[in-house]
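Biologist: I am new to this structure. Please take me closely through one part, a helix, and then show me what lies around the core.

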Amino acid sequence: MTELLTLPFMQRALFAALITGLMAPAIGTYIVQRRLSLLGDGLGHVAIAGVGLALITGQAPLLLAVIVCVAGALIVEILRQQGKASGDVGLAILFYGGLAAGVLMSGIAGAGAAALSGYLFGSLTTVSRTDLILVGILAVAVLVPTVGLSPQLFAVCSDEDFARVQGQKVRLYNLLIVALAAVTVTLAMRTVGLLLVSALMVVPVAAAQNLVRGFYSALGCAMALGVAVSVGGAAGSYYADSPPGALIVVFAIAVFALTLPLGALLRRRRQPRLELPESIDEETVAVPHVGAGAHPHQHGPGCGHPYVQHGDHPDFIHEGHRHAEHADHYDEH
Amino acid sequence: MPVIDESKSTEVLAAHDLTVELGGLPVIRGINLRIRHGEAVALMGGNGSGKSTLVRSLLRLIPFQRGEVRLFGTPLARFEDWPRVGYVPQRSATVLRTAKVREVVASGRLARRKLFVPLRGTDRIAITTALSAVEMTDRDSHDLARLSGGQQQRVLIARALVGEPDLLVLDEPMAGVDLPSQRALAQLLADLVAAGKSVLVVLHGVGVLSGLVDRAVVLREGRIVSDGPLEPSGERHVAGRHEHDEPVLDRGWLGGTVDR
């Protein structure tokens, strides 16, 4: 492990992984709340066009990819706001157009599609010193609004109309969210890669929602899980000699799988006591008295049957029936 | 043209000749509506009569094609004083996935908060007060999505109250709400009106709110067909709720006076 930290290229790669692990789940929390889980994937495709453009012009890929991806994200969001993106078709054309343009330009540049692979699945050895400075600056530029404006972004993502009536600039915040997502996707291209980054935006968020309750706790938990899987995946891929993106995503999905049974357990323990609401017409129509017939079992607090509060008494739930104690027998409620 | 008398400082909301088109079809056609300070007005009508469209255009959520709207005396296009307005949208319109009750209520405080500033003491007090007003204090850390319809509705009302608005606009607050919650909501709204707030509430039928509303405005096909106080056993109310499917709760109907 210490060997890893003495290698300059691994230091840079691990730092980039740490930043990606923080950013992707943070912005991903809003994307998931808005039910746009696959937006990151589409934006990754657009960023490929930026990489292709960089290869053909001989520029630094990261900066150009950020610019192209943010521009693509804003176009998509403006089209959506104006109701012009007819369903998914407009988005699909933009996204696959980006992928095709990237591969085409890479080919013309003489680099071939193989040159893109380091951007698609991440590559530990290619994080340069200048990359790292840009990553650091853009990470601050993304994380400050993502965390600092979380009350506004939460309101906009959960109920646009209500946010508008509070005088919030909903369109601006929506543009901000996709622009931040675009920057995040592009910065992740050296670590998880453009094709897999969406997993890091969605899977830690889903895992966090299994573990903790509430939006802000889930945001913090998702960021912690994101850092753990992306730093772990980047370190592990050094030994496995594989692209880091693959291992990061495998780790993320493993964590998600672990949270499924854990989450079910936590939910059961936190389960609020169920309560049956009075029905609207209860007062006007008398409920007929139906006995449960011969019932040898004695219900009680420790009998193992779940119960719900029904008005002033508990109903024990029993093979699809609700049994309420009545004198020496049980009633069907 | 000075169509709305500005001298009326007690006027909370005013619409004159309001016309709203959706997809080229006029849905609201030349409506005149006025709500004074401390008034509780029910907006009624069948499905498709334009109730929600009217409310949404009054709150600048959808544009209008003709006419004039003023909120607290300011033309709608220039209105900025949003903390004074509390909006409770139809429950089905909210898409909250994972959020605690307290977080949802806190999001109603935004109009009174500055960017990048965490919740202050006054915000926390307002949140606690709003939660207790709707009797949800003991459930403040529950997931909104796991609550019953009536409880969710109470949370959405708390979210509107937490900004301490002067005008409360509720869109079908009683839809899908169990009877105890309906009664609790009616009591809450009565307390708010008694405290001097103005209320505009979209309803299918007045139901448990009959003792509360001062005036019922009945819409049909985008026009106001009646606007006046509730009358005991009035024909108009029957006409107004002809499509609703809940049992009519006539208790308190005849004694439907507002004592304030």
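Modeller: Start with a yardstick: the expected span of a helix is 1.5 Å times one less than its number of residues. Keep in mind that this is a predicted model.

Now take helix α3 of chain A, residues 39-57. It has 19 residues. From its first C-alpha to its last it reaches 28 Å, close to the 27 Å expected. Of the 19 residues of α3(A), 16 are buried, so the helix is largely enclosed by the rest of the structure. After α3(A) comes A:G58, with a positive phi near 75°.

Next, the core. In soluble globular proteins, nonpolar side chains tend to be buried together. Here the largest nonpolar core has 169 residues. A:A47, A:C69, A:A181 and B:L43 have the most contacts inside it. Helix α2 of chain A, residues 8-33, gives this core its largest share, 13 residues.

Follow B:L43 into chain B. Leaving aside neighbours within four places in sequence, B:L43 is in contact with B:K51, B:L54 and B:V55. Its other contacts are B:L200, B:V201, B:V202, B:V217 and B:L219.

Strands come next. Strand β3 of chain B covers residues 40-44. It is joined by 4 bridges to β9 of chain B, residues 215-220, and the two run parallel. B:A42 stands opposite B:A216 in β9(B). On β9(B) there is also a link to β10 of chain B, residues 223-228: 5 bridges, antiparallel. B:R220 faces B:R223 of β10(B) in this pairing. The hairpin of β9(B) and β10(B) has 2 residues between the strands, and B:E221 takes a positive phi near 50° there.

Chain B also holds an open sheet of 4 strands. Their order is β2-β1-β4-β5, with antiparallel pairing. β2 (25-36) and β5 (74-75) of chain B stand at the edges with a single partner strand each, so one side of each is left without a neighbour in the sheet. Strand β4 of chain B, residues 66-71, is joined to β5(B) by 2 bridges. In that antiparallel pair, B:R70 stands opposite B:P75. Helix α1 of chain B, residues 51-58, packs on the sheet. It touches β1 (11-22), β2 and β4 of chain B. The direction of α1(B) makes about 120° with that of β1(B).

Key: Residues numbered from 1 in each chain as written. Chains lettered and ligands numbered in written order. Predicted model: local features only at pLDDT ≥ 70, side-chain atom pairs only at ≥ 80, totals over all residues. Pairing = 2+ DSSP bridges. Contact = placed C-beta atoms within 7 Å. Axes fitted to C-alpha atoms, helices over the stretch in contact; angles between N-to-C directions. Core = buried A, V, L, I, M, F, W, Y, C linked by C-beta atoms within 7 Å. Buried ≥ 20, exposed ≤ 12 C-beta atoms within 10 Å, placed from the backbone.
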